[in-house]
Amino acid sequence: MATEALLAVEDLRTEFFTSRGIVKAVNGVSFSVARGELVGIVGETGCGKSATIRSIIGLVRPPGRVVAGSARFESAELIRMPRRKLRAIRGSGIGFVPQNPFGALNPILSIERQFRNVIRAHESISRPEVRTRALQMLTDVGIPDPERVLRGHAHELSGGMAQRTVIALSMILGPRLVIADEPTTGLDVTVQRQILDLIRDLLEREHSAMLLVTHDLGVVAQYCHRVIVMYAGKVVESGPVTKVFKTPAHSYTKALLGAIPRPGVDLVTISGTVPDPINYPVGCPFYDRCPHRSDPRCETESPPLTEVSEGHFAASYYHPTRDQSINVGT
Amino acid sequence: MTVSVESVASRLRFRAHAAAFGTFLRHNKGVAVAGIILLTMLLAGLFAPLPFDPIKPNPSETLSPPNASHWFGTDRSGLDIFSRTIVAARLDLPLAISGALVSLMVGVPLGLAASTKTRWAERFMRGLDAFQAFPLLVLAIVIVALTGNNLRNIVVAIALINIPRFIRLTRSEALALRESRFIEAARAIGASPRRVLFRHLLPNIVGTIFAQASLAVAHAIVVIAALSFLGIGITPPDASWGAMIREGSQTMATGHWWVATAPGVAVFLAVVSFHTIADGLLSYFERADH
Amino acid sequence: MMALVELHNVEKRFPVRGGKTVHAVNGVSLSIEPSETVALIGESGSGKSTLGRLVLGLHQPSSGQITFDGHDISTMPAAELRTLRSQMTVVFQEPDESLNPRMSIGSIIEEPLVIHEPALTPGERKARVVDALEHVTLTEDLYYRYPHQLSGGQQQRVGIARAIVSRPKFIVLDEPTSSLDLSVRSAILKLLARLQSELHLAYLFISHDIHTVSYVSDRIAVMYLGQVMEMGPTAEVFANPRHPYTMALLSATLWPDPEVRPAQIRLTGEIPRPTELPAGCLFHTRCPYQDDPRCETERPVLREVAPGHWVRTFYDRDEPAVVGIDLLGL
């Protein structure tokens, strides 16, 4: 683990206790984020990516519980940190952009009031100063009439405007790490591009790092330096985006990249379904659906993350040494 | 000749439903208990042998507290409270159920009709608003008082009070459902409006309607009790929980606490049971959607 | 010879509260030939979903004409229209919501037969249902199950089975894969392609996703504010986009290849409300070019710029595509 890491997650395990059994949503996840680095966590429904970041910032509520592992932010342990200390970090150290902006905005308070609450929780500055900073931030996020937005309320905003406002709120204190959970899912393509560009510009300006959770491989390819691929609660591959996309080392990543529709190319389909999170099989979680299964250990031992090339890790016994690189896009 | 496909299909379907219901009962023991309680009350009221005659006054034993022979004591006329509590179920429960059923049978079709986007529907709902501006309990009392204390009028009164509920509930459920994707899909495959109504809309409303019916029965029991408490509806010497509570409230002042207790508990049990069944029905139908 | 589906200058207006009118579709003309796939692509407010429903006769157009298989459905009485519904069917976006939760899978799929082929015996109906299930690679044992017991992918297959059981000529697919995970999406897209060739189906494929559309469609129509802005063979439109909106869409698309970064065409402002259509070219309020005086006053008409390739704009580009994506290369 890098000693300089801004965020270091080690063997994180989060479980949800349901009537059917114990759901192992996060099943041993380790990764790190360096200063200024843009890291994407990508995976399909149920892979545990949202649960992972919620575990990191303390948003896991019963019947869920972080049962093991650590998440250190600037050498402070976040897991089981007392609520008060966590609140001090949230906003100024770590900013959070959720998927649904209207869930994050208080419907009753004016937008200006919400900015005031956020800023005053960490700094004591005057109301006019809050206003100035809020106006500046709203302009930075590309809102054409920031005065009106400040005076108004959440329900008056369109989806894109609301998401920009939430981004402004979460970044106004200049957090060192921004965690975004599917921040643009559901938005139009053109709006999505605008919002992601804007997030990246703000991050660069503040030299902030980002942990971005998404199911969209395109988002990761265009905006992230490093990517973490999750499947069945585990990290199955991680590394620099170019390496992972051009020379994927895990069969699941390969299959996922091959499943992106492109004209004239035979689409890859993955047979079978994701394993039951209450009853994970012994051995590699992808075993049932893997086209390779070349190693006897595949069925009995869950492969650990091993370094395939510099900075590029895969949890697989299958190491394609001379594999074709996948051509995606043009 | 082999068994036909449809009969196999319907048997399989029945077994699947029965199994699901059995599982449901196992997980919701409250509903099972409530059902047993109500069934016992009704059957006991209709068929159980009573230790004492519930309507023949016995002047020698008036107002005796609970003892070995009169488990719940006696009232002012010397009637055994235990026997009367049990036998009251013969009137109170069927009346309440009939009233609720009538309001269901009238209210649901009206509610479905009111869920269409026609001018009639708008006007009808405004009319219903006006109707509901009356305190309906008072209306029920007036009706029964004017038209006579017979059982039919009590049922009518209860139905009147409950019909608006059913109309509104059915209408709001139907309105919401009409926008759903599978209704649109049904239209898209060419289903006639009649088919959409009976095959798609109704089956998805039935759950909440039955739950509401159960609540309506619970409410009706209280209404009947209130009516007989006020001296309207079921009158002595017929046994009715409400009338018994009425008498009991008067004797309470003189320290005879037992006269109202047993019928009060009976009303409470019946109402809670119907509420429990309503909750159970709601969660049963909700769970099936997931 | 007449096309299977033809639209001539179709318009659709909806009155809304406050006396306003939503102009959902504003003069669309297009045609669909047997066995071909035409894609409608656009963002929110483009009118593509409304157009899909107009084609199906679920709405009646405010003006204009729609014909299906030679029948004029724009003014056809409802009862007569219903008989045509065995020939034109639909698959919706939300697989779980488009199936009646109280009906078994078998009943759901056989319903079109109950309605349109009442002469069939129950045994014959069941055989057709099983045949449909086989076509969508589902097993017969699902016949007695209920929708909530199936996964999203399976539910969508059931929706497709219902759409093919009556042996239609034409299916409208409204974002059929948008709610599905990538791995499930690719399986469904392959299935749709196979069914099209096996059953000689024409598709109107409505989507907002460029990748999906590039894979499935022969021809594409780009919609904005209820009008078709550009239309033509998919590969041609993507390689040589002539409308600024198409260019913006393509440049905004996030390609899952870190090394592909098309030049950014940035749109200004937000999409106008459909109750207040701009004067002149509907796109001019956001267009980065607007170098023609007619943009603000006149509505451009569709003109053919290459065989089968039509564009509705005053913008006339001589130089090669700024942002054309060559999908057939590599």
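Helices here are DSSP runs of H or I at least four residues long, numbered from the N terminus. With that in hand, open the viewer; what you have loaded is a predicted model.

**Stop 1: a glycine in chain C**

Select C:G106. You will find this glycine in helix 3 of chain C, which covers residues 105–116. Is C:G106 buried or exposed? A residue is called buried when 20 or more other C-beta atoms lie within 10 Å of its own. C:G106 has 21 such neighbours inside 10 Å, so C:G106 counts as buried.

Now show what surrounds this residue. Setting aside the neighbours within four places in sequence, C:G106 is in contact with C:V129, C:Y143 and C:Y144. Add C:R162 to your selection too: C:R162 is 56 residues away from C:G106 along the chain, yet the two C-alpha atoms are 9.5 Å apart in space.

**Stop 2: where chain C meets chain B**

Keep chain C on screen and bring in chain B. The contact joins 25 residues of chain C to 22 residues of chain B. On the chain C side, the elements that supply two or more residues are strand 6 (88–91), helix 3 and helix 4 (122–135). Helix 3, the home of C:G106, gives the most to this side, with 4 residues. Colour the chain C side by residue class and you should count 10 nonpolar, 7 polar and 8 charged residues.

**Stop 3: two helices in chain B**

Stay with chain B and select helix 7 (residues 181–188) together with helix 8 (residues 193–229). Two packed helices are described by the angle between their axes and the distance between the axes. Here the axes come within 11 Å and cross at roughly 150°. Angles over 145 degrees count as roughly antiparallel, and helix 7 and helix 8 of chain B are therefore roughly antiparallel to each other. The crossing is right-handed.

Show side chains to see who takes part:

- From helix 7 of chain B: B:F182, B:I183, B:A186 and B:R187.
- From helix 8 of chain B: B:V196, B:H200 and B:L201.

By class, this contact has 5 nonpolar, 1 polar and 1 charged residues.

**Stop 4: two domains in chain A**

Finish with chain A, coloured by domain: domain 1 spans 7–229 and domain 2 spans 248–314 in the domain assignment. Their C-alpha centres lie 29 Å apart. Each domain brings 10 residues to the contact. Which element gives the most to the domain 1 side? Select strand 2 (residues 21–33) of chain A, which gives 6 residues. The domain 1 side has 5 nonpolar, 3 polar and 2 charged residues.

Key:
Residues are numbered from 1 along each chain as its sequence is written. Chains are lettered from A and ligands numbered from 1 in the order in which they are written. This is a predicted model: local features need pLDDT of at least 70, side-chain atom pairs count only at pLDDT 80 or more; totals for chains, interfaces and linings use all residues. A residue is buried if 20 or more other C-beta atoms lie within 10 Å of its own, exposed if 12 or fewer, and partly exposed in between; C-beta atoms are placed from the backbone. Two residues are in contact if their C-beta atoms, placed from the backbone, lie within 7 Å. Ala, Val, Leu, Ile, Met, Phe, Trp, Tyr, Cys and Pro count as nonpolar, Asp, Glu, Lys and Arg as charged, and the others, Gly among them, as polar. Domain bounds come from an automatic or database domain assignment. Axes are lines fitted to C-alpha atoms, for helices over the stretch in contact, and angles run from 0 to 180 degrees between N-to-C directions. Angles under 35 degrees count as roughly parallel, over 145 as roughly antiparallel, 65 to 115 as roughly perpendicular and the rest as oblique. A crossing is left-handed if the near helix is turned anticlockwise from the far one by less than a right angle, and right-handed if clockwise.
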